[in-house]
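Work through the exercises below with the sequence and the model at hand. Each task is followed by a solution in steps.

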Amino acid sequence: MRGFRWPPPPDSGPRTWGPGPGGPRTGRPAIPDPETELVATPHGVQLERLVTGVGEPVTVFAHGLGNGIATTRPFGSGVAGRRLFFQFRGHGRSEAPAGPWTYLDLARDLRAIADLGGASRAFGASLGAGALCRLLSESPERFEKLVFFLPAVLDQPRLVAGERVNALLEAVESGDASAVADVVSLELPAAVRNTPAGWAYLRQRLDQLLRDGLADGLATLAGQVPLNDATALAAVTAPALVIGCAGDDLHPVEVAEQLAAALPRATLHVYDRPGFLWSERADLRGRISGFLNE
């Protein structure tokens with residue numbers, strides 16, 4: 001029985017056991033993270049930011065809970081103009097002010113990065129999608145185009161995400177790479193976990209998490225909702241692309257459907273099974289860049 005294990009072999013492996021070859025296999029280590037900067041915001045929280053690309057338009061990318069710049073950058077592949085990636089409070093090198101935090105705080109982080117960089121378009125993944133919804137409920141005309149990727153919650157709380165976040169926070173706090181890898185590996189489809197691509201992803205995530213950590217204040221966000229009522233988005237006039245996935249417990253397709261219904265000019269695309277980030281990568285990137293660039 002071949003399966004996942006940690007730590008990885010030093011030569012990028014993976015190595016497997018049981019019937020079949022047990023020697024090392026060729027694999028590439030994770031690409032080093034690019035140099036980022038800390039920027040001051042009007043609300044007094046320093047946030048880590050990475051700027052790539054040149055020219056107009058400018059798009060801001062907001063990541064998911066426990067993730068960050070490294071996992072969000074691939075979504076910008078092929079997107080024209082300048083791209084702003086950042087870490088929400090409590091992630092990476094961004095500051096972690098005293099909590100508890102709310103989606104209003106996250107919306108302020110997102111707005112600050114967008115305003116400072118002159119962003120006219122926005123992408124939000126999971127937690128970032130919720131922060132974007134909160135921002136839009138207060139400033140419905142702030143952006144010209146919107147992409148919501150795997151929205152996790154809208155106006156009804158969910159407990160599943162909290163369990164995963166607490167497990168990740170405990171593992172990171174322990175400093176045990178194996179414990180962190182066990183939790184992070186759940187982000188990967190089973191077919192990918194023991195492949196060179198899977199190992200590269202794990203290394204990248206572990207390098208960042210064990211280097212920068214995660215703030216305890218993130219635990220309180222998992223049980224919150226960005227909106228009291230989804231009808232608050234009725235005034236948003238920008239074209240929006242909402243991407244959901246059937247069978248994803250952390251990001252129920254019903255939330256994507258509800259969000260698409262609440263936005264007056266939304267297009268909904270639903271992938272038919274989890275793991276599409278790996279199996280449908282080219283289609284996903286083309287769909288996002290095509291929508292934003294058209």
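The exercises concern a predicted model and cover its sheet, its helices and its salt bridges.

**Exercise 1.** Determine the strand order of the sheet and which strands stand at its edges.

Solution. Step 1: the sheet is open and is formed by eight strands in the order 1-2-4-3-5-6-7-8, with mixed pairing. Step 2: strand 1 (37-39) and strand 8 have a single partner strand each, so they stand at the edges, and one side of each lacks a neighbour in the sheet. Step 3: from one strand to the next, the twist averages 20°.

**Exercise 2.** Describe how strand 3 pairs with strand 5, and place helix 3 relative to the sheet.

Solution. Step 1: strand 3 (residues 58-62) and strand 5 (residues 121-125) are parallel and pair over four bridges. Step 2: Val60 has Ala122 of strand 5 as its bridge partner. Step 3: helix 3 lies across strand 3, strand 5 and strand 6, and runs at about 140° to strand 6.

**Exercise 3.** List the buried residues of helix 7 and find what covers them.

Solution. Step 1: in helix 7 (residues 253-262), the buried residues are Val253, Val255, Ala256, Leu259, Ala260 and Ala262. Step 2: their cover includes helix 3 (127-138), along with strand 6 (145-149), strand 7 (240-245) and strand 8 (266-271).

**Exercise 4.** Compare the span of helix 6 with the expected value, then examine the end of the helix.

Solution. Step 1: helix 6 (residues 196-212) has 17 residues, and its first and last C-alpha are 24 Å apart, close to the 24 Å expected at 1.5 Å a residue. Step 2: the buried residues of helix 6 include Trp199, Tyr201, Arg203 and Arg205. Step 3: Gly213 follows helix 6 and has a positive phi, near 75°.

**Exercise 5.** For the salt bridges Glu187 to Arg205 and Arg89 to Asp105, give the N to O distances and state whether each residue is buried or exposed.

Solution. Step 1: Glu187 and Arg205 meet at 2.7 Å, N to O. Step 2: this pair links distant parts of the chain, 18 residues apart, with Glu187 in the loop between helix 5 (177-184) and helix 6, and Arg205 in helix 6. Step 3: Glu187 has a relative accessible area of 29% and is therefore partly exposed, whereas Arg205, at 4%, is buried. Step 4: in the other pair, the closest N and O atoms of Arg89 and Asp105 are 4.0 Å apart. Step 5: Arg89 lies in the loop between strand 4 (82-86) and helix 2 (103-117) and Asp105 in helix 2, so the pair ties together parts 16 residues apart in sequence. Step 6: Arg89 is buried at 5% relative accessibility, and Asp105 is buried at 13%.

Notes: Residues numbered from 1 in each chain as written. Predicted model: local features only at pLDDT ≥ 70, side-chain atom pairs only at ≥ 80, totals over all residues. Heavy atoms only, no water. Buried < 20%, exposed > 50% of the residue type's maximum accessible area, 1.4 Å probe, protein only. Helix = DSSP H or I, 4+ residues; strand = E, 2+ residues; numbered from the N terminus. Contact = heavy atoms within 4.5 Å. Pairing = 2+ DSSP bridges. Axes fitted to C-alpha atoms, helices over the stretch in contact; angles between N-to-C directions. Expected span 1.5 Å × (residues − 1). Salt bridge = Lys/Arg side-chain N within 4 Å of Asp/Glu carboxyl O.
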